[in-house]
Amino acid sequence: MIKFENKALTDSKLILDWIEEMADMVNPDKIVWIDGSEEQTQALKDEACSTGELEKLNEEILPNCYLHRTAINDVARVEGRTFICTRTKEDAGNINNWMDPKECYEKLSKLYKNSYKGRTMYVIPYAMGQVGSDFAKYGIELTDSIYVVLNMLIMTRAGAEVAKAMGNGEGFIKGLHARKDIDEENRYICHFPEDNTIWSVNSGYGGNVLLGKKCFALRIASYLGRKEGWMAEHMLILGVEYPNGETKYISAAFPSACGKTNLAMLIPPKAYTEKGYKVWCVGDDIAWLRVGKDGRLWAINPENGFFGVAPGTNEKSNPNALATTMRDTIFTNVGHVLDDNTVWWEGLNDNAPDNCINWKGEKWDKTKYDKKDKVNTSAAHPNSRFTALAKNCPCISKEFDNPAGVPISAIVFGGRRAKTAPLVYQSFNWQHGSFVGSIMASETTAAAAGAVGVVRRDPMAMRPFVGYNMGDYFQHWLDMGHKIPNAPKIFHVNWFRTDDEGHFIWPGFGDNMRVLDWILQRCEDKVEARETAIGYIPYAKDINIDGLDISVDTIEGLLSVDKASWLEDVENIKAFYAQVGDRVPKTMYDELKALEERLSK
Ligand code: GTP
Ligand code: SPV
Ligand code: MN
């Protein structure tokens, strides 16, 4: 019989047998159930501070906030070491790394063997979605990291209440995490969608180890969504409240570090706030979407907090995010300001601190900062993050906790493109919109290990997160269109077009409201648009530039479609579709051909 340090939070044989099996393999000194109580949470924080895993920050300025530094070789998701282990390779597809499940279990079992020796196993029962709701799904993460426990307590609904809601545990997602030696060569993030299982080893960084997030709520959930007729997407959810009090909801998929958190919490420009417009945040990273009884698409945010990019977050760009991080927050890999025991990151303000420890744990020399080598010269790592509670966000939507979710009027895709993609365009219909999502491209960012700034195709911002064959995922999007009588309209945006000197032309951030305004007007047939080869484009005069130091000509430029570069893109898309392989739906090829024909006219 398995022995716990505290009272087991379930009597489910399914769950207890699995914990015993995992414990037999990893061999912990102790096993502790995470109940979510304030006492236990505080005790864990104190313990982590005593070992140096966390540092307590200034209680007056940043109450209940902590700093953590990951290992230097462990600062981002590792897509090259992330695997989808379906029985057949075809079901994982060419875009995912694949390993035979049996082989993977064997390989990782060897790595896990006795890896908890001298350590404690924490058992975290957690929910994605509102506990007890139709939308909610449950998981248990086993981990040897207090940092993971404390992050999961922010990012998910976790603890005794969840264990109770799990009942006999049927269908729960089994997550095993071991920090082991943080050895890059033996780091694996493996998913077994056919077994509801996630195994992660040799990392301590967010997306690799907070198993409720990308591993469960996107990779496993996307697999379940296809089977069960719903969607799990890398999308923010926001509500635009009109002066008359009515609120319309938008979900938007941008690749990692391309502006979801910022858009989700935007504060509209004065031209809008003066009239009474407000924006409310429902979620900043993940949306689960289902068809409602009314035939509309309804979305929930399955998370409970934000794991947001720190650099660039400031009083001007995203005051709501900044306010959210002022309490109850864990900062990861930011600079540590010694004079007042606070934190600093590039883009927070112009007062780069003299007396600062960088993300590597070394004394930081601000005079050596070099834009071309940010990783080695910054105070904060470019992918440094804050883990903060959604309920601490000043603009959190009153629907955040609504188990039914919110009805979506518009779906927006977007990427980081210096050229080619215009500021905004609208697809012709759901099918074409799904195609527009499938051909998305974006410059890579620091959120994943590897080169930064390289354009790659990133369909629906889900390239790293689809838990099955990308071709089947395209088909699922097309199929969903037939199941949603009142489907959202689908758009594409790009905040990142640059001029010849490489400066962003569009001001972005709060001013993105001006584009959301056009999008919602289109949803209500309140504004005309120009039909082009790629979709409907705004007339420049219809983008509200009131209070903006930008000319209609500049807007015209931002909305221009350069056929030659689009035709180049078409060739690139053909190559990408070929790479995805023979499960790309014929419909997508038809759309591609039609696009090429329209561009060649
Ligand atoms: P993940 O959490 O990795 O999924 O990222 P995210 O999509 O939530 O990205 P986030 O909002 O954190 O933005 C990442 C970076 O993009 C930050 O450095 C922002 O300052 C920058 N950014 C966000 N919105 C805009 C914008 O409208 N214009 C410009 N130029 N930069 C932006
Ligand atoms: C992303 O990379 O898209 C993130 C951060 O949101 S992580 O949780 O690390 O995946
Ligand atoms: Mn993300």
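N358 sits in the loop between β22 (356–357) and α12 (374–377); helices (H or I, at least four residues) and strands (E, at least two) are DSSP runs, numbered from the N terminus. At 4% relative accessibility, N358 counts as buried, where buried means under 20% relative accessible area, exposed over 50%, and partly exposed in between (1.4 Å probe, protein chains only). A polar atom of the N358 side chain lies 2.9 Å from the backbone nitrogen of K360. A polar contact is a pair of N or O atoms within 3.5 Å; within protein, one must be able to donate a hydrogen and the other to accept it, and residues adjacent in sequence count only if both atoms are side-chain atoms.

This is a predicted model, in which local features need pLDDT of at least 70 and side-chain atom pairs count only at pLDDT 80 or more, while totals for chains, interfaces and linings use all residues. Residues are numbered from 1 along each chain as its sequence is written, chains are lettered from A and ligands numbered from 1 in the order in which they are written, and side-chain values use heavy atoms, with hydrogens and water left out.

**The manganese site**

Ligand 3 is a manganese ion whose protein donors are K214 (NZ), H234 (NE2) and D285 (OD), at 2.2 to 2.3 Å. Donors are N, O and S atoms within 2.8 Å of the metal (3.2 Å for Na, K and Ca); water is not among the atoms, so sites may look incomplete. The angles among the six donor atoms run from 68 to 173°, and the site is irregular. Four donors count as tetrahedral if all angles lie between 85 and 135 degrees; four count as square planar and six as octahedral if opposite donors are over 155 degrees apart and all others between 65 and 115; anything else is irregular.

Along the chain, the donors follow the spacing K-x19-H-x50-D. H234 and D285 link distant parts of the chain, 51 residues apart: H234 is in the loop between β12 (231–233) and β13 (235–241), and D285 is in the loop between β15 (278–283) and β16 (287–291). Both H234 and D285 are buried.

**Ligands 1 and 2**

The residues around ligand 2 are R77, Y205, G207, K213, K214, H234, S256, D285, F307, R385, A447 and F465. A residue is near a molecule or strand if one of its heavy atoms lies within 4 Å of it. By class, this shell has four nonpolar, three polar and five charged residues; Ala, Val, Leu, Ile, Met, Phe, Trp, Tyr, Cys and Pro count as nonpolar, Asp, Glu, Lys and Arg as charged, and the others, Gly among them, as polar.

Around ligand 1 there are 21 residues, of which A257, K260, T261, N262 and R385 come nearest. They divide into ten nonpolar, seven polar and four charged.

Polar contacts to oxygen atoms of the two ligands are listed below.

| Ligand | Residue and part | Distance |
|---|---|---|
| ligand 2 | Y205, side chain | 2.9 Å |
| ligand 2 | G207, backbone | 3.0 Å |
| ligand 2 | K214, side chain | 2.5 Å |
| ligand 1 | H234, side chain | 3.4 Å |
| ligand 1 | K260, side chain | 2.7 Å |
| ligand 1 | R385, side chain | 2.8 Å |

The protein covers 91% of the 660 Å² of accessible area that ligand 1 has on its own. For ligand 2, the covered part is 98% of 280 Å². Accessible areas come from the Shrake-Rupley method with a 1.4 Å probe; for residues, only the protein chains shown count as cover.

Two elements, α9 (260–264) and β18 (305–309), give two or more residues to the shell around ligand 1. Helix α9 gives the most, with three residues.

**Other local features**

In helix α13 (residues 430–438), eight of the nine residues are buried; these are W430, H432, G433, S434, F435, V436, G437 and S438. At the start of α13, a side-chain oxygen of N429 reaches to within 3.2 Å of the backbone nitrogen of Q431.

V209 belongs to helix α7 (residues 206–209) and is buried, with a relative accessible area of 0%. K113 lies in the loop between α4 (101–112) and β6 (120–128) and counts as partly exposed at 48% relative accessibility.

I182 has a positive phi of about 50° although it is not a glycine. Its place is in the loop between β9 (173–178) and β10 (188–192), and I182 is buried at 18% relative accessible area. N333, also not a glycine, has a positive phi near 65°. N333 is in the loop between β19 (330–332) and β20 (335–337) and counts as buried at 1% relative accessibility.
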